[in-house]
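Me: Please take a close look at one part of this model and follow the chain outward from there. I want a plain account of how that part sits among its neighbours.

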Amino acid sequence: MPPAEAQALSPKEMRKRPLVVMQSVSKVFSSGTVALSNMSLTVESGEFISLLGPSGCGKSTALRIIAGLGNVTSGAIDWPSSRINSKGLPEGDISFVFQEPTLMPWKTVFDNVHLPLKLKHVSKAAAHDRILETLSTVGLQDFASAYPRELSGGMKMRVSIARALVTRPKLLLMDEPFAALDEITRQRLNDDVLRLWKVTGITVIFVTHSVFESAYLSNRIVVMKARPGRVHADLPLTTSLERDAHYRTSEEYRRACETVSHSLIGAINAVEDHR
Ligand SMILES: Nc1ncnc2c1ncn2[C@@H]1O[C@H](COP(=O)(O)OP(=O)(O)OP(=O)(O)O)[C@@H](O)[C@H]1O
């Protein structure tokens, strides 16, 4: 939709539209690597989408382009339900959580979470209640004055998530956030993220290599073909069950994992045929 048309819509009309649309996006790096080729994806508000695919298929590239951290070579990223700012990005925040928590070691947990608000010139005093509230949503209310060196890997990742959520973004982009953590911590953080998603209504796009993680978290899994990346399969994942410890051992979860696994194998074989 042309930007001028989008700007003319009422807030109610805008909310009914998809949050973000990738339209035939291709990305060729200056090295000549074709990372994405005609990738199209429509993300509705409130979805929890996992991007899954073989290593190097362009998952991170797609996420970075959505975040405005890289340009498209051809195609477009549209934000049909948002007003666009001068940088071509939607008004309202987009937050990014990387695999590494990337905390400032010389700053307390409180100050680390304050950072995105500080960059918007919100003082510590003005941000105080919101920071503590956000720390509380990730279970770290008692660690506001701790330093990163005093925290476990899982706690550092919780701080990173709190830092991403403190601006109350409309879209949370997560790039293999739990890949470096042990299985138990990873499962706990999966539950935390699911709870936050339900409570806040935020839209999440989550990059993972793990079939199991994607099938546990998402209401939709987008399986990508190997480089050049594009969509191989778009799998809705509805379940009547609560996603909790019981779900992990349920027949429904096993079947979901099987479906996703088959699709991933199909994506890998599609490349072999192509060669
Ligand atoms: N800045 C860059 N310059 C040149 N090539 C790049 C750059 N970033 C990524 N690539 C290449 O683009 C392709 C896609 O990379 P990307 O990191 O998006 O894949 P991925 O699916 O996220 O990989 P992984 O699952 O291993 O993290 C890869 O071949 C990678 O080497």
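Reply: Helix 3 is followed by G68, a residue with a positive phi, near 80°. The model is a predicted one. Helix 3 itself, residues 59-66, is mostly covered, with 7 of its 8 residues buried. Those buried residues are K59, S60, T61, A62, L63, I65 and I66. A residue is called buried here if 20 or more other C-beta atoms lie within 10 Å of its own.

The part to look at closely is strand 7, with the elements around it. Strand 7 spans residues 203-208, and because 6 of its 6 residues are buried, the strand is largely enclosed by the rest of the structure. In a regular strand, side chains alternate between the two faces of the sheet. Here T203, I205 and V207 point one way, while V204, F206 and T208 point the other way. Both sets are buried.

Strand 7 belongs to an open sheet of 6 strands, in the order 5-6-7-3-8-9 and with mixed pairing. The edges are strand 5 (94-97) and strand 9 (231-236); each has a single partner strand, so one side of each is left without a neighbour in the sheet. On average, neighbouring strands of this sheet are turned by 15° against each other, direction ignored.

Within that order strand 7 stands between strand 6 and strand 3. With strand 3, residues 48-52, strand 7 pairs in the parallel sense over 5 bridges, and L52 is the residue opposite T208. With strand 6, residues 171-175, the pairing is again parallel and again over 5 bridges. There L173 stands opposite I205 of strand 7. L173 also has F96 opposite it, in the pairing of strand 5 with strand 6, which run parallel and are joined by 4 bridges. A row can thus be traced from F96 to L173 and on from L173 to I205.

Helix 6, residues 153-165, lies across strand 5 and strand 6, running at about 170° to strand 5. Its partner to consider is helix 7, residues 183-200. The axes of the two come within 10 Å and cross at roughly 20°. Angles under 35 degrees count as roughly parallel, and helix 6 and helix 7 are therefore roughly parallel to each other. The crossing is right-handed. On the helix 6 side the contact uses G153, G154, M157 and L165; on the helix 7 side it uses T185, R188, L189 and L196. By class, these residues divide into 4 nonpolar, 3 polar and 1 charged. An α-helix has 3.6 residues a turn, so residues three or four places apart point the same way.

Going back along the chain from helix 6, the loop that joins helix 5 to helix 6 contains A146. With 15 other C-beta atoms within 10 Å, A146 is partly exposed. Leaving aside neighbours within four places in sequence, A146 is in contact with T108, V109 and L151. A146 and K107 are 39 residues apart in sequence and 8.7 Å apart in space, C-alpha to C-alpha.

V109, one of the contacts of A146, also takes part in the meeting of helix 4 with helix 5. Helix 4 covers residues 109-118 and helix 5 residues 124-137. Their axes come within 10 Å and cross at roughly 115°, and the two helices are therefore roughly perpendicular to each other. This crossing is right-handed. Helix 4 contributes V109, F110, V113, H114 and L117 to the contact, and helix 5 contributes K124, A127, I131, T134 and L135. The residues of this contact comprise 7 nonpolar, 2 polar and 1 charged.

There is also an open sheet of 3 strands, in the order 2-1-4 and with antiparallel pairing. Strand 2 (34-43) and strand 4 (74-78) are at its edges with a single partner strand each, so one side of each has no neighbour in the sheet. The twist from one strand to the next averages 15°. Strand 1, residues 20-28, runs antiparallel to strand 4 and is joined to it by 4 bridges. In that pairing M22 stands opposite I77 of strand 4.

Methods
Residues are numbered from 1 along each chain as its sequence is written. This is a predicted model: local features need pLDDT of at least 70, side-chain atom pairs count only at pLDDT 80 or more; totals for chains, interfaces and linings use all residues. Two strands pair if DSSP finds at least two bridges between them. Axes are lines fitted to C-alpha atoms, for helices over the stretch in contact, and angles run from 0 to 180 degrees between N-to-C directions. Angles under 35 degrees count as roughly parallel, over 145 as roughly antiparallel, 65 to 115 as roughly perpendicular and the rest as oblique. A crossing is left-handed if the near helix is turned anticlockwise from the far one by less than a right angle, and right-handed if clockwise. Two residues are in contact if their C-beta atoms, placed from the backbone, lie within 7 Å. Ala, Val, Leu, Ile, Met, Phe, Trp, Tyr, Cys and Pro count as nonpolar, Asp, Glu, Lys and Arg as charged, and the others, Gly among them, as polar. A residue is buried if 20 or more other C-beta atoms lie within 10 Å of its own, exposed if 12 or fewer, and partly exposed in between; C-beta atoms are placed from the backbone.
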